[in-house]
Structures are given as structure tokens and as C-alpha cells.
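Please open the model in a viewer and keep a selection tool at hand. The stops below proceed one selection at a time.

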Amino acid sequence: MTSNTEQTTNSTNGHPLLDVKGLKKYFPIKKGFFKKTVGHVRAVDDVNFFIREGETLGLVGESGCGKTTTSRCILRAVDPTGGRVLYRAKSGATVDIAQLPASEMRRLRPEMQMIFQDPFASLNPRMNLFDIVSEPMFVNGIKSRSERADRVAELLQLVGLRPEYMQRFPHAFSGGQRQRIVIARALALKPRLVVADEPVSALDVSVQAQVLNLLLDLQEQLKLTYLFVAHDLSVVKHISTRVAVMYVGKIAEIAPTDALFNTPKHPYTAALMAAVPVADPRVRSKMIPLQGDVPSPANPPSGCYFHPRCPFAEAVCKQETPQLQEIEPNHFVACHRAKELELDGISAN
Amino acid sequence: MNNQQPLLSVRNLKTYFSLDEGQVKAVDGVSFDVNPGQVVGIVGESGCGKSVTIKSILRIIQKPGKIVDGQILFRHNGDSMLDLTQLNAQSEQMRQIRGAEIALIPQEPMAAFSPVHTIGNQIEEAILLHQPVSKQQARKIAIERLREVGVPSPERRIDSYSWELSGGLRQRAMIAMALSCNPKLLIADEPTTAIDVTTQAQVLNLLRDLQAQHDAAIIFITHDLGVIAQIADFVVVMYLGRVMETGPVDDIFHNPQHPYTKALLKSIPTVTSESGSRLPTIEGAIPHPFNRPAGCPFYPRCIEMMPGTCNTSTPSLQPVTDTQSASCFLYHKQTDDE
């Protein structure tokens, strides 16, 4: 099953910073005394998308759909099984991250950084803020302590923390402040691409807004490009330029944020939106839940992976896997019936 | 609804934890009523005391936590009001109420079910403890309950272990267990936070239907305002162990009174809000429990703080409209200080 979906990226303004083509990551399932491989979990299965410079691509999906594995493949935190991850480096050359040897990858790493989900787990409790935020600089050759201290002070100010906090340890900070520290560390090497994996889901609701606003401000100031992974549709809608919806290791739909939320073309996207509880008691009862459960990526159904739960499934959906196709400018959908279906978006509520 | 006798009445409940570092006032003077058949939503951020409140009601607070003041009046057997704080937590009477008349749906069904017993075994255990039935009858009731909550082929599923079920099915089995003895009050502690949105919608719809069928009252705890808007009749907003505002769900969302409720509603990203815009935020962070501010717990983050009033004395919960109550000096001068 090869993808012949060439996303025509030149036709639109802004060249892609990152172009992911046919990305695959299979994890072997081993059983028995000899650890024989009896099957594969297809965590990421033929994923295609691109991210333009300076934009935010939101990646949404339910747990186990492969969104975290996708983001890890892009940073080469795990080695992809197949596919290409084309990245336009600062030097102007386009390199394939999926194939790059470790030594060259190391040189590229300062350009791409990660913000983790849980700020209580991602900060070493025995290092103070100076050590935490300056470690990436030390590793990458800035050995002068005063130079690093200046930069740490600058970074702390940038994320809304006081430079005097430099000697303190993470336990002295609240969840929101810790996430600011994590962001400061990610920005230490002036990255171009920042992968944020559920950066606000571990935070209190009253603090989430602060961190989201900070991410938006930093993007404007530093011209950052974000890949924003989350399961919360309202957070993704708030921060993203375009949104990709994943289901069982595949992309179901990619579109500009407003187009996706107003006129979803994939039944799964529409179902996901219908399931979001609206924070208004006057619009009750519109929650139409999907029946059934998410299939296991080790043993996915035939054809379109969504067909057992899809209210619009036809015979063709059980046999053929739909390819991602552009049905409107910049609106890509993997559904056999995308063109004929009229689905309700959020504004219809 | 208002003339009705409440099923549960929590009055000025205070639950403190005495630690070496000092006293944590996890719940500090909480009052609310639950009427029969009503869904009361308790909403608040982490550390606001919502879980400790319901643990106090069930009398399952672990040491060093202790109920130091207040009453929890529960209408036992349909007539007299019984003060649960006066009972011994391990007494026969409390054990009869817990599980039979007041049931709990815990947050993490994976952690709540034992992995070494089948779910049928665990549901039957609850039934046998509280109802005078034989083992065969108990199994029949358990199958019936599982069918009621929408578990497919319950005759087969009853013999499966919790780890063989998906997250949604596991939560359904948990609900079946909570309903097994026809409780009058169901306490749901963040029952949907550990599951995905599509499954969450299934579980919320199920709870709504069951509530209508059984006419049980529900206390629904969550930090998700969307969920509260969809399921609750009456809302209690908590912050740092105190009730900030109470009122019918429509008034809370469309006519909030307390500055905290107003700020919270504004700061939350919703699917209907404009994308890419800056959200209004609540400045600062939730204070550490050892560092509780004097006076109103919200004053350091409040934009309508009145110096000399809010930072010196604590406002009490008083009616501010026909239906809503708020603890805020913007509306009244009643304090809650000893």
C-alpha cells in the first residue's frame, strides 16, 4: 500500500519547513520463549502532512491514535520504520531526518526542540533553574558561565519569570510556572521548530490560558513553528493555524482551523466535534456519541479503519483504504464519501 | 424543587489534615444541599477540596485527615435526617449506608477494580453485602445491571477481568457496580477525565438516562465546565476549600456573580471561541495549601479586590439573587470569621 498523495505545497504561499511523507512506525509484538515477532502495532501508518514556516499545526486524536509517536519520529526520538521526514534546515538545505546519520542529526537538534506534557516529570528536582535552562547551551558548546547566565536571565524574562529565580529548584514552583521553565529550556538554543506534546493538559484550567497566550506571544516574537499535539479540541482550535486529525495511526483529515471546525469532511472529525461537551447549559443534548471503541492498531479493521463505527459506511469502505485527497484547496480528507457528505461542524450548534 | 426536603445537606463542613509542616484546611466551611433526583455539579480546580468533600460524606477520609466541624445530614431510610459526622466511620450503620444508599463512581476504573477478580465477582460482592439474596440471584442482578449500562453480551462479559475491557466498558462496569444496590445518592468523582471524548459522551449520556430511570440524586465532581454544563442541574463552585458560588446551572453560566466564576468562564478555551485570539487569563496561580491567604482565598488573583476588606476577613456564603449565593464582599458584608 503506497501513498500517491503528493500534497501540492508549492501552490500555496509559504514553503514547508517540514514535509512528512509516508511516515510509518511499527512496533513488533514479541511472544514466547524465543521472543518471536508475531505481529506489529502500527502506531503510525502512512502519515502525510507538511508544516509551513511560522504556522502552528495542531495534531488531534484520541489516546492511542499515534499522535505522540508521530511527533517523536519527527524529532528522531524513535527511529521511523519507513517514510521520509523532509526538513529545511537553517542552511537552506533540505534533509531527510528519517535517514540522517546520528552525527549529522546531532548538529540539527538545536533547531528543533520539545515541550513535554507533565512539568512535574520533565524537570530534574535536583537541578536549579540555571542548570536546567543552561544545560542545552552547555551541551552545544557555550561553555562560558557568565554568557550562559545572561542568556538564562533573558529566557526567564521572556517566559514571564523573574531572573532572580535562577538559583531556585523546581519544587518551589507551581505547575504553570514549571511549564514556563520547560518552555524556557526549549527556547535556549533558538529553535525554529518546537514540538509541544500536550503542553497544557496537566495544568489547571485557570493556568492553561496563561500558557497558551505565552506560546502565541513567543511564536509572534521569535517566528517559531509549532507542531502542537493535544487531545483537547478547544485548545487545538485556539492555537492552531491548521489542524490534522488522526485515527488509529492514519491522518483522517487536514484543513485550516476554521474550515475544519466549520465544515468537517470526515465523519470521524464530525463525530469528535459532536462529542465535545459545550460549556453552555442551553445547548444540551446535541452530544451524539460514537458507538463502539477505537480499534487496536495491532489488529485494525479492513478497508477504512473507521468503517465499523461510521454511520455513513458503504461496501467500498470495508474493502478499500481511502487515500488522503485534496477536495478543496488546502482541505485534505481520507474518506471515500467525503464529496457527497454534508456534515455538521461546530458553528452549526 | 426548593420546598422539597433535601436528601443530603452538608453544613459548614471542615476537614483538616494535620501534618508536621502545619495544618492543611482542605475543606474549610462548605455548605450545600442535594435534593432527591437532582444532579449537583461540584466544579473546581485541583486542590479546591472537591474530592475531600465527597470523601468526608462517605467517611473514607484517611489519616491524618479529620472532620473537625460541621454536619452532613443524610435522609436515612427515607425519613429521619442522620448526621454522618456523628457516626463511627467503621460502624455497622455507616457501612450499610456506604455502597447501598450512597454509592461512588471513582475516577480511575482501572485502579478501582481488582485485577485478580472478575468484574462479576466484584459486583456480586457488593450485592451480597447489602441485599438478602442468594449467590445465583446476585449474579442475575449483576448481569441485569451490566445490560442496563450498555455492556454488550453481559452474560459473557461478567466473567472477564477489568484489564480485558476497554476504558469505556470498564467505566460502564464501574457504574453498574455503583448502581447494583439502587442507591439514592450517586457520587461521581471525575468519572470521565480518564477517558477519551467520544467515550466520555457515551458515559455522560448513560448517566443522564440512568438518572432519569432510577430517580437517584447525583453529585458530579469535575474540573471540566463543559461537562458540568451538560449534566448538572445545580452547580457548586469551589476554590481552595471554600464555596465561592452556588446556583442553578443556567444562572451560573449566563449570569455568574462571583469574580472567580466570571474569570474562570472567560479564561477557558472553547470550541466556539475565535481561533488564535488571546484569552483573558486569571493572573497568578493557586496558592500552596500551607500558604493560604488570609481573608477571601481568591483575593490575590481577584481583579475586583477591595483592599482592607477582602484581605482581612473571609466573606460567608450569602444569597445574592433569588437563586444564587456567593461568598464575596461585593454583594454583602457578612463575614465568616470566628
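The tour turns to a strand, an interface, some salt bridges and several backbone details.

This is a predicted model, in which local features need pLDDT of at least 70 and side-chain atom pairs count only at pLDDT 80 or more, while totals for chains, interfaces and linings use all residues. Residues are numbered from 1 along each chain as its sequence is written, chains are lettered from A and ligands numbered from 1 in the order in which they are written, and side-chain values use heavy atoms, with hydrogens and water left out.

**Stop 1: a covered strand in chain B**

Select residues 39-43 of chain B, which form strand E3. Helices (H or I, at least four residues) and strands (E, at least two) are DSSP runs, numbered from the N terminus. Five of the five residues of E3(B) are buried; buried means under 20% relative accessible area, exposed over 50%, and partly exposed in between (1.4 Å probe, protein chains only). Val39(B), Gly41(B) and Val43(B) point one way from the strand, whereas Val40(B) and Ile42(B) point the other way.

Add residues 217-222 of chain B, strand E8, which pairs with E3(B) in the parallel sense over five bridges. Two strands pair if DSSP finds at least two bridges between them. Within E8(B), Ile218(B) is the bridge partner of Val39(B). Then add residues 234-239 of chain B, strand E9, which runs parallel to E3(B) and is joined to it by four bridges. Here Phe234(B) of E9(B) stands opposite Val40(B).

**Stop 2: the interface of chains A and B**

Display both chains. In chain B, 50 residues are in contact with 41 residues of chain A, contact meaning heavy atoms within 4.5 Å. The area buried between the two chains is about 3900 Å², and carbon and sulfur atoms give 55% of this area. Buried area is the accessible area (1.4 Å probe) that two parts lose on being put together, summed over both. Highlight Gln230(B), Val271(B) and Arg278(B): these supply 19% of the area that chain B buries against chain A, more than any other three residues.

Between chain B and chain A, 11 residue pairs are in polar contact, both residues being at pLDDT 80 or more. A polar contact is a pair of N or O atoms within 3.5 Å; within protein, one must be able to donate a hydrogen and the other to accept it, and residues adjacent in sequence count only if both atoms are side-chain atoms. Next, colour helices H8 (197-214), H9 (225-231), H10 (249-254) and H11 (259-267) of chain B, each of which supplies at least two residues of the side that touches chain A. H8(B) provides the largest share of that side, nine residues.

**Stop 3: salt bridges**

Which side chains meet in a salt bridge across the two chains at 2.8 Å, N to O? Select Asp250(B) and Arg282(A). A salt bridge is a side-chain nitrogen of Lys or Arg within 4 Å of a carboxyl oxygen of Asp or Glu. The rule finds three salt bridges across this interface, and 24 over all chains. Asp250(B) is partly exposed at 27% relative accessibility, whereas Arg282(A) is exposed at 54%.

Within chain A, select Arg88(A) and Glu53(A), whose closest N and O atoms are 3.2 Å apart in a salt bridge. This pair links distant parts of the chain, 35 residues apart: Arg88(A) is in strand E4 (residues 82-88), and Glu53(A) is in the loop between E2 and strand E3 (56-60) of chain A. Add Glu111(A) and Arg192(A) to show a network of salt bridges that also includes Glu53(A) and Arg88(A).

Move to Asp45(A), which forms a salt bridge with Arg42(A) at 3.5 Å between the closest N and O atoms. Asp45(A) is buried at 0% relative accessibility, while Arg42(A) is partly exposed at 31%.

**Stop 4: backbone details**

Select Lys63(B) and Pro64(B), where the peptide bond is cis, with omega near 5 degrees. Pro64(B) is placed in the loop between helix H1 (50-58) and strand E4 (65-75) of chain B.

Select Lys35(A), which has a positive phi of about 50 degrees although it is not a glycine. Lys35(A) is found in the loop between strand E1 (16-31) and strand E2 (36-52) of chain A, and is exposed at 55% relative accessibility.
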